[in-house]
Amino acid sequence: KSQYYAGGGVTFNSLADSTFDDAAGFQFFGGYCSKFNFHNPKIGTSIEGGYMNSGDFERTSVRFQNNPNRPAQTITESRSFGGAWLSGLGEYRFSPKLHVMGRAGVDFGDDNGLILGLGAAMNITHFVQLRGEYVARDNIDSIQVNLITEF
């Protein structure tokens with residue numbers, strides 16, 4: 001019923017550089033539901049902005065593994081990405097409870113560049129929604145689970 005909402009959730013992330021292990025992170029965001037709907041009551045549009053942290057991507061390597069003159073050294077390297085993002089969201093309502101959605105936007109953080117995503121949402125109550133999305137950034141691909149509430 002309200003045009004404003006906020007949400008947050010967990011992200012399961014993988015890097016384009018596949019030598020790093022996957023990471024679990026988090027995000028939180030706010031949104032505004034616009035009245036623009038392409039003259040179709042089943043379509044909704046929103047603008048969202050938020051912050052995402054990828055969690056720590058890690059990789060382990062062993063130096064001097066086959067050198068009899070030096071002891072082997074295990075080296076762990078860690079990377080994480082974080083920052084603000086802004087995107088437009090379009091939804092198509094199959095029913096009052098089930099929606100599919102797509103997003104396009106920009107990341108302003110460590111993974112600067114475009115954001116594209118697809119997902120589905122289920123309205124649990126009139127004020128609470130559960131979302132699942134696949135979101136691709138320049139370096140990170142994420143599967144996200146978010147909970148949204150209106151205010």
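## Cavities

The largest cavity has a volume of about 50 Å³. This is a predicted model. Across the whole structure, a search finds two cavities of 30 Å³ or more. The second largest has a volume of about 40 Å³.

Lining the largest cavity are Gln27, Phe29, Glu48, Trp85, Arg103, Ile115, Glu133, Val135, Arg137, Gln144 and Asn146. Three elements each give two or more residues to this lining: β2 (23-34), β9 and β10. By class, the lining of the largest cavity holds four nonpolar, three polar and four charged residues.

The second largest cavity is lined by Met52, Phe81, Gly82, Gly83, Asp107, Gly109, Asp110, Asp111 and Arg137. Its lining splits into two nonpolar, three polar and four charged residues.

## Arg137

Arg137 lines the largest cavity. Arg137 also lines the second largest cavity. In the chain, Arg137 sits in the loop between β9 (128-136) and β10 (140-150). Arg137 counts as buried because its relative accessible area is 7%, under the 20% cut-off.

The side chain of Arg137 makes a polar contact of 2.8 Å with the side chain of Asp107. Asp107 is itself among the residues lining the second largest cavity. Beyond neighbours within four places in sequence, Arg137 is in contact with Met52, Trp85, Asp107, Asp111, Leu114, Ile115, Ser142 and Gln144. Some of these partners also line a cavity. Trp85, Ile115 and Gln144 are among the lining residues of the largest cavity. Met52, Asp107 and Asp111 are among those of the second largest.

## Strands β7, β8 and β9

Strand β7 (residues 98-107) runs antiparallel to β8, and 10 bridges join them. A hairpin of five residues links β7 to β8. Arg103 stands opposite Gly117 in β8. Arg103 also belongs to the lining of the largest cavity.

β8 pairs with β9 as well, in the antiparallel sense, over eight bridges. These two strands form a hairpin with four residues between them. Ala120 has Gly132 in β9 as its bridge partner. Glu133 and Val135 are among the residues lining the largest cavity. In a regular strand, side chains alternate between the two faces of the sheet.

## His126

His126 lies in the loop between β8 (113-123) and β9. Is His126 buried or exposed? His126 counts as exposed because its relative accessibility is 63%, over the 50% cut-off.

His126 and Glu150 are 24 residues apart along the chain. Their C-alpha atoms are separated by 8.7 Å.

Notes:
Residues are numbered from 1 along each chain as its sequence is written. This is a predicted model: local features need pLDDT of at least 70, side-chain atom pairs count only at pLDDT 80 or more; totals for chains, interfaces and linings use all residues. Side-chain values use heavy atoms; hydrogens and water are left out. Buried means under 20% relative accessible area, exposed over 50%, partly exposed in between (1.4 Å probe, protein chains only). A polar contact is a pair of N or O atoms within 3.5 Å; within protein, one must be able to donate a hydrogen and the other to accept it, and residues adjacent in sequence count only if both atoms are side-chain atoms. Contact means heavy atoms within 4.5 Å. On a 1 Å grid over the protein atoms alone, a cavity is a set of points where a 1.4 Å probe fits but cannot get out, and a pocket is an open set with protein on both sides within 12 Å along at least five of seven lines; lining residues have an atom within 4 Å of a point. Grid points are joined across faces, edges and corners, and a volume is the space filled by probe spheres set on the points. Ala, Val, Leu, Ile, Met, Phe, Trp, Tyr, Cys and Pro count as nonpolar, Asp, Glu, Lys and Arg as charged, and the others, Gly among them, as polar. Two strands pair if DSSP finds at least two bridges between them.
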